[in-house]
Amino acid sequence: MSVHKSKKMITLAAILATGFMYGCSKIETEAEANQEEVAESTSMQESAMPQMSQGSFGFGQSVGAAEIARYDSDIHTDGTGLPEGSGNVTLGREIFEIQCAICHGENLEGVPEMGARTMHEGRRDIKKLPYTSSLFDFIRRAMPLTDPGTLTNDETYGLVAFLLVETGVIDDPNLTLDAESLAAIKMPNRANFIIDPASRFTAEDLEDK
Ligand code: HEC
């Protein structure tokens, strides 16, 4: 190999090496840029969805104490767990007209297009419920359907009072309910419930204590 030729080869090797290095450093720069982009978009996601859980699946939402408190109610059939507060038929009627009638109808007749059937007769008649405490618990936990958990205790007591008077369970247009008076009401249909033989409960559990 001549000196001339080998000089040429060294030059070529140098160019290739430089190019390779340049290429490498370029790839590194792109990778770095990509990492920055990823970091940026992650931080954007974080700021847009601050409550995303850090769990392994990357979806779901962490639930705060206030959110849990909205549903953390444990009301027993004897009234244990009923909250403080009170409400009367007038308050209940007012709330019902504003927040409930759109689905349940002005006279509890139900609005089928909204998915709600009558609460005044048939299988879903309020009168047929065994306990007033279930009515309170259900309304406060689940209604209004589009915004559950937003009713105050007073409003819920008022709604139960209104529904009991409207469906003829109690004949007193001035009925006011609180924890004690609500639990004291004996629903007319209570004795007509039977124990499912497969249930862990016994007839004794249904007795008033
Ligand atoms: C957006 C519609 C909607 C609104 C508003 C709404 N409900 Fe309901 N409610 C329903 C549906 C649907 C059911 C299930 C009814 C069914 O299966 O027939 C239901 C069930 C009930 C039940 C159980 C008895 C039954 O008929 O099954 C009660 C009690 C009740 N709602 C009370 C209320 C009260 C009180 C309000 C207002 C604070 C309210 N609802 C607001 C749609 C609504």
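**Figure 1. Secondary structure of the protein chain.** Welcome to the chain as a whole: this predicted model holds 7 helices and 2 strands. Starting at the N terminus, you can follow the elements in the order α-α-β-α-α-α-β-α-α.

**Figure 2. Burial and contacts along the protein chain.** Of the 209 residues in the protein chain, 19% are buried. Look next at the contacts with a separation of 6 or more: 61% of them come from residues 24 or more positions apart.

**Figure 3. The shell around the ligand.** Here we zoom in on the ligand, which has 21 residues around it. Those that come nearest are C100, C103, G115, M143 and P144. Two elements, α3 (89-104) and α4 (132-142), each give two or more residues to this shell. The one that gives the most is α3, with 6 residues. By type, the shell is made up of 15 nonpolar residues, 4 polar ones and 2 charged ones.

**Figure 4. The buried residues of helix α4.** You have just met α4 as one of the elements that give residues to the ligand shell; now take a look at its buried residues. They are T132, S133, L135, F136, D137, I139 and R140. An α-helix has 3.6 residues a turn, so residues three or four places apart point the same way. With that spacing in mind, try tracing the buried residues along the helix, for example from T132 to L135, F136, I139 and R140.

**Figure 5. The packing partners of helix α4.** Which helices do the buried residues of α4 pack against? Their partners are α5, spanning 153-166, and α6, spanning 179-184.

Terms used: Residues are numbered from 1 along each chain as its sequence is written. This is a predicted model: local features need pLDDT of at least 70, side-chain atom pairs count only at pLDDT 80 or more; totals for chains, interfaces and linings use all residues. A residue is near a molecule or strand if its C-beta atom, placed from the backbone, lies within 6 Å of it. Helices (H or I, at least four residues) and strands (E, at least two) are DSSP runs, numbered from the N terminus. Ala, Val, Leu, Ile, Met, Phe, Trp, Tyr, Cys and Pro count as nonpolar, Asp, Glu, Lys and Arg as charged, and the others, Gly among them, as polar. A residue is buried if 20 or more other C-beta atoms lie within 10 Å of its own, exposed if 12 or fewer, and partly exposed in between; C-beta atoms are placed from the backbone. Two residues are in contact if their C-beta atoms, placed from the backbone, lie within 7 Å.
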